[in-house]
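User: Please take a close look at one part of this structure, a pair of neighbouring strands and the charged side chains around the loop that joins them. I would like one connected account.

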Amino acid sequence: MERYDDDALVLSTMDYGETDRLVTLLTREHGKLTAFAAGARKSKRRFAGALEPFMRLRVHIVETRGSTVRLDSVDIVSGYYAAREDLSLIARALYAVELCRELTREHEPHPELFLLLEEYLVRLDAKEAGPTSLLAFELSALAHAGLMPRFDTCSLCGGEPGERPRFDQAHGGAVCEPCSGRARESVAVPVALLSGLRALQEGQRTPLPADLRARARGLLNVFISHHLGRRLKSVDFMAQVGLD
């Protein structure tokens with residue numbers, strides 16, 4: 001059996017049996033891993049307080065048969081405890097880790113996505129991440145996963161979106177008016193919304209007005225749900241907290 005250490009972020013956990021836990025990790029070098037933590041629900045030495053969503057860990061892994069690995073022990077690097085004191089920041093963090101979990105496959109390294117998520121959690125913990133920053137995070141995460149929506153050109157003909165653009169999740173982005181007949185699920189969107197989302201994709205961080213931010217949130221929810229085949233659970237939690 002091979003043993004190795006890696007940097008990891010906890011994406012989710014699930015109780016297994018009476019004492020054990022399954023932990024989904026995003027690791028720097030090995031990608032997403034499902035780790036079996038024996039006795040994790042009772043151990044006060046190896047895992048106490050460590051196996052919670054969006055904890056930053058140094059993990060000690062033992063490879064086993066199949067896709068699941070064994071989690072031998074962990075060292076807490078950061079718990080992002082300041083973010084855990086604010087319900088709105090918790091909601092954003094839970095959304096970010098759930099999105100990364102669903103965008104990745106087991107044992108496929110995604111070092112850029114690991115760094116992106118780590119940096120976003122650091123900003124949340126420092127309370128430096130405004131509402132628009134979550135949209136920027138989503139767009140970057142989608143790009144790393146090869147699912148970047150198009151906002152600058154029509155997804156069907158490659159031309160300009162025009163003055164009456166639409167958005168179609170099935171075709172991957174903006175659709176111009178002449179092509180709208182071929183995109184039956186498309187919805188009308190403001191030109192300013194496409195411009196704002198394109199600017200975020202290009203690295204600009206100018207905050208979007210609240211109305212455009214809410215429209216962008218709904219647009220990306222539909223896009224992500226379409227490509228993942230389900231709605232993320234944390235979307236509803238953010239709505240309950242009152243986040244757009």
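**The E2–E3 hairpin and its salt bridges**

Analyst: In this predicted model, strands E2 and E3 pair in the antiparallel sense, with seven bridges between them. The two strands form a hairpin, and three residues lie between them. One of the facing positions is Thr-27, which stands opposite Gly-31 in E3.

E3 also has a second partner. Strand E5, residues 68-78, runs parallel to E3 and is joined to it by three bridges. Here Phe-36 stands opposite Arg-70 in E5. As for exposure, E3 is mostly covered, with six of its seven residues buried.

The loop of the hairpin brings in the charged side chains. Arg-28 forms a salt bridge with Asp-7, at 3.0 Å from N to O. Arg-28 sits in the loop between strand E2 (20-27) and strand E3 (31-37), while Asp-7 belongs to strand E1 (residues 3-16), so this pair ties together parts that are 21 residues apart in sequence. The two partners fall into separate exposure classes: Arg-28 is partly exposed, with a relative accessible area of 27%, whereas Asp-7 is buried, with a relative accessible area of 15%. The cut-off behind this is that buried means under 20% relative accessible area; Asp-7, at 15%, is therefore placed in the buried class.

The contact between Arg-28 and Asp-7 does not stand alone. Asp-7, Arg-28, Arg-56, Arg-58 and Glu-118 are linked in a network of salt bridges. As a general point, side chains of opposite charge can pair when their charged atoms come close.

Another salt bridge involves Asp-15 and Arg-21, whose side chains meet at 3.1 Å from N to O. Asp-15 counts as partly exposed, at 43% relative accessibility, and Arg-21 counts as buried, at 16%.

For context outside the hairpin, the structure holds 15 salt bridges. Among them is the one between Arg-101 and Glu-102, where the closest N and O atoms are 2.9 Å apart. Glu-102 counts as partly exposed, at 28% relative accessibility.

To put the part together: E3 pairs with E2 in the antiparallel sense and runs parallel to E5, and Arg-28, in the loop between E2 and E3, is linked with Asp-7, Arg-56, Arg-58 and Glu-118 in a network of salt bridges.

Key
Residues are numbered from 1 along each chain as its sequence is written. This is a predicted model: local features need pLDDT of at least 70, side-chain atom pairs count only at pLDDT 80 or more; totals for chains, interfaces and linings use all residues. Side-chain values use heavy atoms; hydrogens and water are left out. A salt bridge is a side-chain nitrogen of Lys or Arg within 4 Å of a carboxyl oxygen of Asp or Glu. Helices (H or I, at least four residues) and strands (E, at least two) are DSSP runs, numbered from the N terminus. Buried means under 20% relative accessible area, exposed over 50%, partly exposed in between (1.4 Å probe, protein chains only). Two strands pair if DSSP finds at least two bridges between them.
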